[in-house]
Protein chains: 2
Amino acid sequence: MTDRSEPQSPSPLLLRLQAVEGSLTKSEAVLAQWLTRNEAALGLETGATIAAKTGVSEITVSRFLRRLGYRGMAALKEDLLERGAAQLPGADLGLRLLDGEMGTLIRRDAEAVLALAAQVARPEWAEAVAAIHAADGVFVTGFQTVKGAAADFARRLSILRDRVRFVAAHDSGLAEWLAPDPAETRCLILIDIIPYAREAEPLVRLARAQGMAVVVLTDELNTWAAALTPHVFFVSSKAHAYVESSGPLASLLSLVTHSVAAQDPARAKARLAAWPALLRELALF
Amino acid sequence: MTDRSEPQSPSPLLLRLQAVEGSLTKSEAVLAQWLTRNEAALGLETGATIAAKTGVSEITVSRFLRRLGYRGMAALKEDLLERGAAQLPGADLGLRLLDGEMGTLIRRDAEAVLALAAQVARPEWAEAVAAIHAADGVFVTGFQTVKGAAADFARRLSILRDRVRFVAAHDSGLAEWLAPDPAETRCLILIDIIPYAREAEPLVRLARAQGMAVVVLTDELNTWAAALTPHVFFVSSKAHAYVESSGPLASLLSLVTHSVAAQDPARAKARLAAWPALLRELALF
DNA sequence: AGATCAATGTTAGCATTCTACCATAATCAG
DNA sequence: CTGATTATGGTAGAATGCTAACATTGATCT
């Protein structure tokens, strides 16, 4: 009763996935999991879109479907439809879950992310991105609870362009600041949210005194930065959790990364392609 | 109250059908009725199949969809899907701003954050939080582009409870693993997203072999973790930016922090109050 | 009836999906 | 390490979906 001679099939997707569960290749495992988790929303997917979302190639999707006994996406959808429900909409999944305290926190983070659109739309955004792009050297710094996020940001940015350094206050990186090459343009990206670090403001003053462009990524409550540089961007932070979420900030950082990369897409893509090779050389940690 | 002035479309299919109900031609009436009665099963239909089933020509279907405000079947299906999915609460905020490439990235991040609700609602979530809360010692590790986020997470968690350590693979922290005190319960929180680190899986195996509870925070495409521990939580990661955003992941981490803190609110608040003092002692960097 | 115009269909072309064929990369045995 | 085997991807072409431009039908009005 499996699917030997008959092209069509009495068994639903999940059963078929279980049947081959033991003998999956890497790509197939990715596909199997993705299909399992997104079964309800398969209606409007196509081989190509699944390939894009899972990171495998289109033909691998096609092959896997065949292995499951479907002659293609159409056959799969047909099977899903025939077996009762066939509901296109992801259904109730969303709103009911957003109740309660956790739901509130989640919604606040999501809203804060959406609010980033207003920051990106500001004219200063383009200026800041251009300044980062144009700088010969970029310094990134962050404090306390966002120090790690700043380090990650520096790491990502350095994938896409060279001469990006994460600096800590007592770090050797500072030496380079104090003896700047006047022929070089440099840029400081400072990330600081509440509770603010005392070092932040003097650091920005110093950088400005040396003629550096300074981009500050901070939260709404920051009042000192705007006086020192026009390139200040805000995330809203009123979560009222035990500790402030840094999710929206991380999203903002990712937008900066993306915008800078988009200034020179060709270079970004080339560097990105070379990155995995680079990684293997490192300790991976 | 939702969609008065906007020309493009916040409303689902049925609303649109009602809007044009009064002025339908013969073919359009047929189509409208068929669409109404088969709305649930539209997923696998195509312009041609609808045409065949209703007896009108393909182009008439196409035209009617246009009249309804959809640019084609794809747009219709997309609309149907989104209706079921969580509505973005603050979408009104930046509706106009959410256009373009950056707008797409922002929306994807926001959606990914909202989708976290499904993870938090899983029964495993409560188990994982309880395990973290109950453990005598908590180890946190993360790799590559989320190493910093993992470090921040460890830092935040250690504000709220003691004996939290961020460990790197080649770190001295590992020594403590290899000579465990059998009287202590320990817990590993591992954060890993694409591109996955090779160390991750062996690390989890090792921890499990030692009887540790293991919580894995990863993305949808991770296939190895679920086989090793029940406490695997996913963020969706299909941004297609130059580099994946880690914003939703950071939000997830913050939710973990919050949930763990909520296990013992009194202690969390007490430690939080003592924290600024503690900070002043540190180098702040 | 004949003119006029809206509604619908036909044809053709472009875009997209899916798959056949071959090339490359990863894996494993010895 | 080498070579065999398997998994995966790339390219190109057939099939299908969608729509623009033109043709036809059918309804309405005088």
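How far from a phosphate oxygen of DNA strand C does a backbone N or O atom of A:G47 lie? The distance is 2.5 Å. Keep in mind that this is a predicted model, so treat what follows as a tour of a computed structure.

**Around DNA strand C**

Let's stay with this strand for a moment. The protein surrounds DNA strand C with 18 residues, and A:G47 is listed among the closest, along with A:S62, A:R71, B:T25 and B:S27. Of the strand's atoms that come within 4 Å of the protein, 67% belong to sugar and phosphate.

Both protein chains take part here. From chain A, α3 (47–54) and α4 (58–68) each bring at least two residues to the surface near DNA strand C, and from chain B, α2 (26–37) and α4 (58–68) do likewise. The largest share is that of α4(A), with 4 residues. Sorted by class, this surface holds 5 nonpolar, 7 polar and 6 charged residues.

**Around DNA strand D**

Now for the other strand. DNA strand D has 19 residues around it, and the ones that come nearest are A:T25, B:T46, B:G47, B:S62 and B:R71. Sugar and phosphate make up 67% of the atoms of DNA strand D that come within 4 Å of the protein.

A polar side-chain atom of A:T60 sits 2.7 Å from a phosphate oxygen of DNA strand D. Two or more residues of the surface near this strand come from each of α2 (26–37) and α4 of chain A, and from each of α3 (47–54) and α4 of chain B. Here α4(B) gives the largest share, 4 residues. The split by class is 5 nonpolar, 9 polar and 5 charged residues.

Here are some of the phosphate contacts, with the part of the residue that is involved:

| Residue | Part of the residue | DNA strand | Distance to a phosphate oxygen |
|---|---|---|---|
| A:G47 | backbone N or O atom | C | 2.5 Å |
| B:K26 | polar backbone atom | C | 3.5 Å |
| B:S57 | polar backbone atom | C | 3.0 Å |
| B:G47 | polar backbone atom | D | 2.5 Å |
| B:R66 | side-chain N or O atom | D | 3.2 Å |

**A covered strand in chain A**

Next, leave the DNA and look at strand β3 of chain A, residues 186–192. How many of its residues are buried? The count is 7 of 7, so to speak a mostly covered strand. One side carries A:R186, A:L188, A:L190 and A:D192, the other A:C187, A:I189 and A:I191, and all of these are buried.

β3(A) has parallel partners. It pairs with strand β1 (residues 137–142) of chain A over 6 bridges, and 6 bridges also join β3(A) to strand β4 (residues 213–219), again running parallel. A:C187 is a handy residue to find on screen: it is the bridge partner of A:V138, and its own bridge partner in β4(A) is A:A213. Together with helix α10 (residues 200–209) of chain A, β3(A) and β4(A) make a right-handed β-α-β unit.

**A serine that meets chain A**

Last stop: B:S251, found in helix α12 (residues 247–262) of chain B. Is B:S251 buried or exposed? B:S251 counts as buried because its relative accessibility is 1%, and the cut-off for buried is under 20%.

The side chain of B:S251 makes a polar contact of 2.6 Å with the side chain of A:D109. Leaving aside residues up to four places away in sequence, B:S251 touches A:D109, A:S245, A:G247 and A:P248 in chain A, plus B:V113 and B:L116 in chain B.

Technical notes
Residues are numbered from 1 along each chain as its sequence is written. Chains are lettered from A and ligands numbered from 1 in the order in which they are written. This is a predicted model: local features need pLDDT of at least 70, side-chain atom pairs count only at pLDDT 80 or more; totals for chains, interfaces and linings use all residues. Side-chain values use heavy atoms; hydrogens and water are left out. A residue is near a molecule or strand if one of its heavy atoms lies within 4 Å of it. A polar contact is a pair of N or O atoms within 3.5 Å; within protein, one must be able to donate a hydrogen and the other to accept it, and residues adjacent in sequence count only if both atoms are side-chain atoms. Ala, Val, Leu, Ile, Met, Phe, Trp, Tyr, Cys and Pro count as nonpolar, Asp, Glu, Lys and Arg as charged, and the others, Gly among them, as polar. Buried means under 20% relative accessible area, exposed over 50%, partly exposed in between (1.4 Å probe, protein chains only). Two strands pair if DSSP finds at least two bridges between them. A crossover is right-handed if, with the strands pointing away from the viewer, the path from the first strand over the helix to the second runs clockwise. Contact means heavy atoms within 4.5 Å.
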